[in-house]
Amino acid sequence: MFVMGDGDNVAFLKSSRRQWMQKRVDLCAEDSSYLGCFPLAWSLSPHLVHLAPDWFDWYYEKAAETGHDYFMLPPSGDLYSYPAEFSAENQDKFVHNVETDCQIMSTTGIVEWEWISHWKSALENYYPRYTANGIVKGIFTVNVPYNLPTPTIFKHDEYYKMVGDNVALFKPREWRGTGDGEVPFSHHNFLTVDEMAAEINGYALGTVTYVYLTSDGGGSIDNVYDLVKELDEHVLVVNQDTLADLAIQRG
């Protein structure tokens, strides 16, 4: 699964992400096959419902045109925040708000980020709060700072883990575009299309995982299209619901 990131940024939703979505609609109209219109998830601020409802409607109308575009909450759900650092009371309030947002947006997926030192606390105290109501099925994590090693809650060859029996927590994999990352230890976040395709094609058969794309390093919707064309036949791109369901069915 691919997630188009930065949907928490309302200025982006007015500019670059709007352009990407319109391009996506045009590409799907030109070619409705899998390669021309594969499933694609977009992070979208739930506050657009109140800030700019016409914009919110526009995105959903465009997704309806393609039939293969889906929306999920951006980091870290209801607000741009680090929920593992909240008090227990505020975590409960935050989960309630996130679940309400998911129902309004008809989604079961959220992008979630934490500082590298807070993942263990998030796994033990925060994520289990989503198991009670079954509204959120997939939590797609992003590590902060992005260039440091993935959280130790995931083993080297582990791409997701279960929280309870009804929530799948996915390991971070951030692709920031094909530019040259100048930040130390960040090369894996700035792979070329060929390098990224080689990584995905090299996953073991049956791997269930996702890629979060941001534009910090020049990433764009063109990168995703170029990448999908280079994926082997055994690689299937799906939406967030299908990905979470696959993980949950496996347990």
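Which side chain meets that of Glu65 in a salt bridge? In this predicted model, the partner is Lys62, and the N to O distance between the two side chains is 3.4 Å. Both residues belong to helix H4 (residues 53-66), where, being 3 residues apart, they are separated by about one helical turn. Their surroundings can be described in terms of accessibility: Glu65 is exposed, with a relative accessible area of 51%, whereas Lys62 counts as buried at 14%, because the limit for a buried residue is under 20% and that for an exposed residue is over 50%.

**Salt bridges**

Side chains of opposite charge can pair when their charged atoms come close. A search of the whole structure finds 11 salt bridges, and the table lists some of them, including the pair in H4.

| Salt bridge | N to O distance |
|---|---|
| Glu65 and Lys62 | 3.4 Å |
| Lys161 and Glu158 | 3.4 Å |
| Arg176 and Glu174 | 2.2 Å |

Lys161 and Glu158 are both buried, and Arg176 and Glu174 are likewise both buried.

**The mixed sheet**

Strands of a sheet pair through backbone hydrogen bonds, either parallel or antiparallel. One open sheet in this structure consists of 4 strands in the order S4-S5-S7-S6, with mixed pairing. Strand S4 (109-115) and strand S6 (160-163) stand at the edges and have a single partner strand each, so that one side of each is left without a neighbour in the sheet. From one strand to the next, the twist averages 30°. Between S4 and strand S5 (residues 138-144), which run parallel, there are 7 bridges, and Ile110 stands opposite Ile139 in S5. Helix H6 (residues 119-126) packs on this sheet, where it touches S4, S5, S6 and strand S7 (167-170), and the direction of H6 makes about 135° with that of S4.

**The parallel sheet**

A further open sheet has 5 strands in the order S3-S2-S1-S9-S8, and its pairing is parallel. Its edges are formed by strand S3 (69-72) and strand S8 (174-175), each of which pairs on one side only. S8 is joined in the parallel sense to strand S9 (residues 211-213) over 2 bridges, with Trp175 standing opposite Leu213 in S9. Helix H8 packs on this sheet and touches strand S1 (2-4), strand S2 (40-43), S8 and S9, while the direction of H8 makes about 170° with that of S1.

**Loops and surface**

Which residues form a nonpolar patch on the surface together with Leu236? They are Tyr34 and Leu35, and the patch of these three residues has about 300 Å² of accessible area together. Leu236 itself is found in the loop between helix H8 (221-229) and helix H9 (240-250), and it is exposed, with a relative accessible area of 61%.

Another loop residue, Ser81, lies between S3 and helix H5 (88-105). Is Ser81 buried or exposed? With a relative accessible area of 8%, Ser81 is buried, since this value falls under the 20% limit for burial. When its neighbours within four places in sequence are left aside, Ser81 is in contact with Ser76, Phe86, Phe94 and Trp113.

Methods:
Residues are numbered from 1 along each chain as its sequence is written. This is a predicted model: local features need pLDDT of at least 70, side-chain atom pairs count only at pLDDT 80 or more; totals for chains, interfaces and linings use all residues. Side-chain values use heavy atoms; hydrogens and water are left out. Two strands pair if DSSP finds at least two bridges between them. Axes are lines fitted to C-alpha atoms, for helices over the stretch in contact, and angles run from 0 to 180 degrees between N-to-C directions. Contact means heavy atoms within 4.5 Å. Patches are made of residues with over 30% relative accessible area and no salt bridge: like charges are joined within 9 Å, nonpolar side chains (Val, Leu, Ile, Met, Phe, Trp, Tyr) within 5 Å. Accessible areas come from the Shrake-Rupley method with a 1.4 Å probe; for residues, only the protein chains shown count as cover. A salt bridge is a side-chain nitrogen of Lys or Arg within 4 Å of a carboxyl oxygen of Asp or Glu. Buried means under 20% relative accessible area, exposed over 50%, partly exposed in between (1.4 Å probe, protein chains only).
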